[in-house]
Amino acid sequence: MFLPSLVAALGLAIPSAFAQQAGSFVTAGDTLVSAMMMFVGSSDKVYIIDKVEGNAHQINGHSAYASVWDINTRTATAVDVETNPFCAAGMHLPNASFAVFGGNGAVGPGGDNSSPGSTSTYDPTYNDYDGRRAIRIITSCDGDVSSPPCSWFDGPNTTMMAKERWYPGAEALANGSVVLIGGFTAGGYINRNYPNTDPTYEGGAAEPTYELYPPSSQSPQIMNFMVNTSGLNSYALTYLMPSGKMFVQANYSTILWNYDTNVETPLPDMPGQIVRTYPASGANAMLPLTPANNYTPTIIFCGGQSMPDADWGNYTCPLVNTWTIPASSQCHRITPEPTDGSSPAYVQDDSLPIGRTMGQFIALPDGTLLVINGAENGTAGYAKQTGVTTSFAAMGFGESLASGPVGQPAIYNPKAAPGSRWSTVGLSSSNIPRLYHSSAILLPDGSVMVAGSNPNIDVNLTTVYPTTYTAEYFYPPYFSAKTRPVPQNLPQNLSYGGNPFDIIIEPASYTGDANAAASNTTVWLIRQGFTTHAMNMGQRIMQLNNTFTVQNNGTITLHTAQLPPIPALFQPGPAFLFVTINGIPSNGTYVIVGNGQIGSQPTAAATVLPSSVLSSSSKSSNGSGSGSGSGKSSA
């Protein structure tokens, strides 16, 4: 289903109350379920998914495990899912649907099968089915969210994956299909026994293969990387590259992977053997793809955890009290496919202001990255014991394996000089711990929704880090602006190459000199991704090339390029288009990239733009003459 562009209806000036909230958190409301997973499904809806547990809110005679958040009213409506989505993966599809893959077996109270009649196939108390092979699909629409066609397509007798996958990696491909990598087949802290004598299958608890959705004619194949990284390869970190190969990182190893031939090319190890995959859970993201960097992907990793191999333990628990071990503050970048003839290499970047596990990057429509959520010490996950603390009563923070919530976000500017890329100036702190099973995602107005946190096996409202249902909105510093751009004439669909399109910016959309404003305007395409476990699967940010014409009355026409004719750079599917002037973004407009279908995407020649034209009598937004401007094009 293609949702219409909201154009000017989404590009409103910021209400004065918002101007006072820049850099701050504001309580948004009750999500009804703990937000382990979230994604923006349309201009006005966020879809929230929890694990199966004893949430107080009921639906169809059992606890609710999913809800739909109305962005405008800040209210949640419970919706039903039938299979257990605990620690699933998720990804957009080309037609704007989202698919959620895998999860855990059925569970009852206590997160296990100890209640009467409970099995891993079905639990009669929580009324959930085995979700390890499940494929759940939803398409956002304007009808009743609890009824077809707006509800989840899910159930024990629907389409299934070939293999059971809990904590699988996922990445969209250039044709819109999805590759699914690895995972557990049964529960645990990390994906191994110890000593690790069977790194391939772990006695049947590990799944080392990969498969495609929609299914291909090829049966799932073993991926050697999943064997070599055994233990610390849950939610392998994946980024499709322009060549069509895939950057994959897990444990402290890295490869470029040809998924068509299952050939792996080793890349350098993570410096210091810092682990960034779950449960170390370091923040990771692809930096903005821009004309200035020739749309060359660079991946950044920050935080995470580094411990001796034995200390990570096994399926049951870590061997050490992780909550006493400080998280890493180090950051590293890598360009997997450099265009200058150099070899890929990790490069030390500016360190985080404070060490963080379970921090996550959110791409903002001013070209910066927000890191938010997490803890100073420990790892993700939960347990009732460790190798040195064998009594639950002696555990330091209940079932949590982390301590020291980090409430203050930080902003990373990839264009800043080394040594000055991080800032916390003007950013307040949240007083709600956002630890294991917390999430965050960019909303269409440029704010960030923050929700979840539940380092507990089942609902627990009285422990030190309780199950959390309260959502917050964080307002980045650009919310201090009194005027926001209101772009007009925005498209509903974008293509890979082809003819440019014109965006109109009226003088009321900016302040100051028209020529200067035009010269400092960027057009950003952002896909927020599917957020879970300190990741945003599928998140990308791309600056579309543009030139401009400034009229004497101050109206700016942005001549805007389509995407580069390389679908692997920004895979087909839904996204939001922002126009940012002097660092102040418009509200995002919902668009579809590509033809909306799984398959080879049509491409055309790269867009050719006209030269920029400045006004000879530039007007400021208040109508007075104000000079000639800089004349600098954003192309």
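Two strands count as paired here if DSSP finds at least two bridges between them. Strands themselves are DSSP runs of E with at least two residues, and helices are runs of H or I with at least four residues, both numbered from the N terminus. The model you have open is predicted, so to speak of local features a pLDDT of at least 70 is needed and side-chain atom pairs count only at pLDDT 80 or more, while totals for chains, interfaces and linings use all residues. Residues are numbered from 1 along each chain as its sequence is written, and side-chain values use heavy atoms, with hydrogens and water left out.

**Stop 1: strand β42**

Start by selecting residues 573–581, which make up strand β42. With β42 on screen, add residues 589–593: this is strand β44, and the two pair in the antiparallel sense over five bridges. To find a matching pair of residues, pick Pro574, which stands opposite Ile592 in β44.

Now add residues 521–527, strand β36, which pairs with β42 in the antiparallel sense over six bridges. Here Thr521 has Ile581 of β42 as its bridge partner. Keep Ile581 selected, since Ile584 in β43 is its bridge partner too. Strand β43 covers residues 584–585 and pairs with β42 in the antiparallel sense over two bridges. The hairpin of β42 and β43 has two residues between the strands, and Asn582 takes a positive phi near 55° there.

Is β42 mostly covered or exposed? It is mostly covered: nine of its nine residues are buried, where buried means under 20% relative accessible area, exposed over 50% and partly exposed in between, using a 1.4 Å probe and protein chains only.

**Stop 2: strand β18**

Next, select residues 246–250, strand β18, where five of the five residues are buried. In a regular strand the side chains alternate between the two faces of the sheet. Show side chains and you will see Met246, Val248 and Ala250 pointing one way from β18, with Phe247 and Gln249 pointing the other way.

Strand β17 (residues 237–240) pairs with β18 in the antiparallel sense over four bridges, and Leu237 stands opposite Gln249. Five residues lie between the strands in this hairpin of β17 and β18, where Gly244 takes a positive phi near 95°.

Then add strand β19, residues 253–258, which pairs with β18 in the antiparallel sense over five bridges. Val248 has Ile255 in β19 as its bridge partner. The hairpin of β18 and β19 has two residues between the strands, and Asn251 takes a positive phi near 50°.

**Stop 3: Gln360 and its sheet**

Move on to strand β25 (residues 360–363), where Gln360 is found. Four strands form an open sheet in the order β25-β26-β29-β30, with antiparallel pairing. Because β25 and β30 (422–423) stand at the edges, each with a single partner strand, one side of each is left without a neighbour in the sheet. Four bridges join β25 to β26 (residues 369–372), and Ile362 has Leu370 in β26 as its bridge partner.

Zoom in on Gln360, which is buried with a relative accessible area of 0%. Which side chain joins that of Gln360 in a polar contact of 2.5 Å? It is the side chain of Asn536; a polar contact is a pair of N or O atoms within 3.5 Å, and within protein one must be able to donate a hydrogen and the other to accept it, with residues adjacent in sequence counting only if both atoms are side-chain atoms. A polar atom of the Gln360 side chain also lies 3.1 Å from the backbone oxygen of Ala440.
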